[in-house]
Amino acid sequence: MDYKKLKGKVKEMISHKRYVHTLGVVESAIDLADRYGCDIEKTRIAALCHDCAKNLTREELLEKSERYGLDLDEIVFYETQLMHGPVGSAIAKFELGIDDEEIISAISHHTTGKKEMGLLEKIIYLSDFIEPGRDYTGVEELRKLSMVDLDRALIMAFDNTIRYVLSLNSVLHPNTIEARNNLIMKIGG
Ligand SMILES: [Fe+2]
Ligand SMILES: [Fe+2]
């Protein structure tokens, strides 16, 4: 499927608000890909599709996850917000015809992160936080840092996510903690 057609499909799958956010993520992801030498075409597709399952209901997410044979862990199963990553990756693969494993993995892990993230996974995870439509305390600092030091910016994004999840009294996915620990052990705190 060419990019224009894919864009039209994704637009139909999500709300207007989510689509505007998605275009912001595409823009930020391409900036990061350009800065850090990631494949621009792959980055564009992963960013475009990252939230394709975001507007599905819990029932729809569960139905798709069963249909596509996803093995959701108990934290993802408990926290509906976390389901759109893995379910979105299955939709991208089986409904949008995307067969590139790096793209599929970047979509799948964009909500939690994971240990040993690849460049595309890092770029999609971070772009989600710094796209032009995001407005929260510290976003400008994170935008600047993301163009200087990708890994330090990721640690900052993980810290923000962890603080946010704690403030909600919600469950923290172990992948997020492993991702943060993994980076800190690599580059220092
Ligand atoms: Fe998302
Ligand atoms: Fe997003």
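**View 1. Helices α4 and α6 cross at roughly 55 degrees, their axes coming within 10 Å.** The model is predicted. Helix α4 covers residues 58-67, and helix α6 covers residues 84-94. With that angle, α4 and α6 are oblique to each other. The crossing of α4 past α6 is left-handed. On the α4 side, Leu61, Lys64 and Ser65 make the contact. On the α6 side, the contact is made by His84, Val87, Ala90 and Ile91. By class, the residues of this α4 contact with α6 are four nonpolar, two polar and one charged.

**View 2. Ile91 of helix α6 is a buried residue.** Ile91 lies in α6, residues 84-94. Around Ile91, 22 other C-beta atoms lie within 10 Å; a residue counts as buried at 20 or more, so Ile91 is buried. Setting aside neighbours within four places in sequence, the contacts of Ile91 are Cys52, Ala53, Lys64 and Leu96. Lys64 also appears in View 1, as one of the α4 residues that meet α6. Ile104 stands 13 residues from Ile91 along the chain. The C-alpha atoms of Ile91 and Ile104 are separated by 9.5 Å.

**View 3. Helices α7 and α8 pack at an angle of about 35 degrees.** Helix α7 takes in residues 101-108, and helix α8 takes in residues 119-130. Their axes are 9 Å apart. The α7 and α8 crossing is right-handed. From α7, the contact uses Glu102, Ser105 and Ala106. From α8, it uses Leu120, Glu121 and Ile124. The residues of this contact of α7 with α8 comprise three nonpolar, one polar and two charged.

**View 4. Helix α8 is mostly covered, with eleven of its twelve residues buried.** From first C-alpha to last, the twelve residues of α8 reach 16 Å. That is close to the 16 Å expected at 1.5 Å a residue. The buried stretch includes nonpolar side chains such as Leu120, Ile123, Ile124, Tyr125, Leu126, Phe129 and Ile130. Charged residues are buried here too, among them Glu121, Lys122 and Asp128. Ser127 is also buried. Leu120, Glu121 and Ile124 are the α8 residues that meet α7 in View 3.

**View 5. Several helices cover the buried residues of α8.** The cover includes α2 (16-36) and α3 (40-49). It also includes α7, the partner shown in View 3. Further along the chain, α9 (139-148) and α10 (150-167) belong to the cover as well.

Technical notes. Residues are numbered from 1 along each chain as its sequence is written. Chains are lettered from A and ligands numbered from 1 in the order in which they are written. This is a predicted model: local features need pLDDT of at least 70, side-chain atom pairs count only at pLDDT 80 or more; totals for chains, interfaces and linings use all residues. Axes are lines fitted to C-alpha atoms, for helices over the stretch in contact, and angles run from 0 to 180 degrees between N-to-C directions. Helices (H or I, at least four residues) and strands (E, at least two) are DSSP runs, numbered from the N terminus. A crossing is left-handed if the near helix is turned anticlockwise from the far one by less than a right angle, and right-handed if clockwise. Two residues are in contact if their C-beta atoms, placed from the backbone, lie within 7 Å. Angles under 35 degrees count as roughly parallel, over 145 as roughly antiparallel, 65 to 115 as roughly perpendicular and the rest as oblique. The expected span of a helix is 1.5 Å times one less than its number of residues.
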